[in-house]
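Thanks for sharing this one with me. Here are my notes, set out as numbered points so that you can follow them with the structure open beside you.

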Amino acid sequence: MLPKDHPRHLSLKYRNLIENGVKNGIVTPTGMIAHGRGEAFDYLIGEKTTKNAEKAAEAAAAMMLLAERPVISVNGNAAVLAVAEIIKVAKVCSSKIEANVFYPPAGKRKKMIVGLFRKKGAHILGRITDAKIKGLSSERANVSKEGIYSADVVLVMLEDGNRTEALRKAGKKVIAIDLNPLSRTARKADITIVDNIVRALPLMEKKARALKKKNRTQLRNIVKKFSNSRNLNESMKIIAKRAVE
Ligand code: PTJ
């Protein structure tokens, strides 16, 4: 039982979700390392959404609303940390959701991710894969034809850089949520939200709801005005400033 009055209650809660996820097999053991890396960067940005991340979340929501065939890609960590939040973003952005993992046993783990989403009443692809993303030798290459394969915009989180590169090469726009502004995923994506997925997803949902009142030209302008490299540099400055304070 996690003490509710503990000053780091939330952090303990998320660790617990990852730990239980590893125990039941939905999260790969390496997911713990990825989570720890995320915690370190979260600490450096102050464990709160920065103005900078808010700008990126708005551009990301606009891009999702403009998309013809948006897909949210979900791996083990994302599933246990934010199943409800992912479903809400998918609903407001009329997006598909697809399970896609890097580590084995991929079939078994994807089945568990699909089960988790189905239990919450959401439709999710990925159990059956009938297409491949070129240029990837990992399990991440195996995708659903009606999902990631034919998507025009893919939202990824807790990713390795290879797939973002391969998705971009396949002509897709990529939105990443990644606490590390230096990661290859962050650098290669069209839009990167440097924030924890547990905060970034509800923020995206809120932004998308507000942006639904805007027309397509207004949404396009929001996306056009956004510069990922500028936004990532701003995130680096926030981290550097906190480090010398
Ligand atoms: O479920 P699988 O098999 O697909 O496994 C996926 C993992 C997460 C193990 C795999 O993709 C991996 O090893 O990821 P990396 O290379 O460690 O990258 C994870 C990135 O996500 C790092 O840049 C972390 O800083 C970042 N990160 C970790 N936790 C969060 C996060 N970003 C946002 N929110 C988080 N909660």
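**Notes on the ligand site, the pockets and two backbone details**

1. Let me begin with where the ligand is: it sits in the largest pocket. Please keep in mind throughout that this is a predicted model. Two helices, α2 (30-45) and α4 (76-92), are the elements that give two or more residues to the shell around the ligand. Of these, α2 provides the largest share of that shell, with four residues.

2. Next, the shell itself. The ligand is surrounded by 22 residues, and the closest are R37, F102, Y103, R109 and D178. Sorted by class, the shell has eight nonpolar, seven polar and seven charged residues.

3. Three polar contacts are worth displaying on your screen. From R109, a polar side-chain atom lies 2.6 Å from an oxygen atom of the ligand. The other two involve the backbone: a backbone N or O atom of E159 is 3.4 Å from a ligand oxygen atom, and a backbone N or O atom of L179 is 3.2 Å from a ligand nitrogen atom. As for the cover that the protein gives, the ligand taken alone exposes 750 Å², and 94% of that is buried by the protein.

4. How much space lies in the largest pocket? The figure is about 1,000 Å³. Its lining consists of 43 residues, and A34, H35, R37, G38 and L158 are the ones that lie nearest the centre of the pocket. Do look at R37 in particular, since this residue is listed both there and among the closest residues to the ligand.

5. Which elements supply at least two residues each to the lining of the largest pocket? They are α1 (9-24), α2, α4, α7 (184-188) and α8 (197-211). Helix α2 gives the most, with 11 residues. By class, the lining divides into 15 nonpolar, 14 polar and 14 charged residues.

6. Now to the second largest pocket, which holds about 210 Å³ of space. It is lined by N52, K55, E58, A59, I222, K225, F226, S227, R230, N231 and E234. In terms of class, these are three nonpolar, three polar and five charged residues.

7. The helices behind that second lining are easy to pick out. At least two residues each come from α3 (51-66), α9 (216-225) and α10 (228-244), and α3 has the largest share, with four residues.

8. There is a cis peptide bond to check: the one from P104 to P105, with omega near -5°. In the fold, P105 belongs to the loop between β2 (96-99) and α5 (106-119).

9. My last point is also about the backbone. What is the sign of phi at E47, positive or negative? It is positive, near 50°, and E47 is a residue other than glycine. You will find E47 in the loop between α2 and α3. On one side of that loop is α2, the helix that gives the most to the lining of the largest pocket; on the other is α3, which has the largest share of the lining of the second largest pocket.

Note on methods
Residues are numbered from 1 along each chain as its sequence is written. This is a predicted model: local features need pLDDT of at least 70, side-chain atom pairs count only at pLDDT 80 or more; totals for chains, interfaces and linings use all residues. Side-chain values use heavy atoms; hydrogens and water are left out. A residue is near a molecule or strand if one of its heavy atoms lies within 4 Å of it. A polar contact is a pair of N or O atoms within 3.5 Å; within protein, one must be able to donate a hydrogen and the other to accept it, and residues adjacent in sequence count only if both atoms are side-chain atoms. Accessible areas come from the Shrake-Rupley method with a 1.4 Å probe; for residues, only the protein chains shown count as cover. On a 1 Å grid over the protein atoms alone, a cavity is a set of points where a 1.4 Å probe fits but cannot get out, and a pocket is an open set with protein on both sides within 12 Å along at least five of seven lines; lining residues have an atom within 4 Å of a point. A molecule sits in a cavity or pocket if more than half of its atoms lie within 2 Å of its grid points. Ala, Val, Leu, Ile, Met, Phe, Trp, Tyr, Cys and Pro count as nonpolar, Asp, Glu, Lys and Arg as charged, and the others, Gly among them, as polar. Grid points are joined across faces, edges and corners, and a volume is the space filled by probe spheres set on the points.
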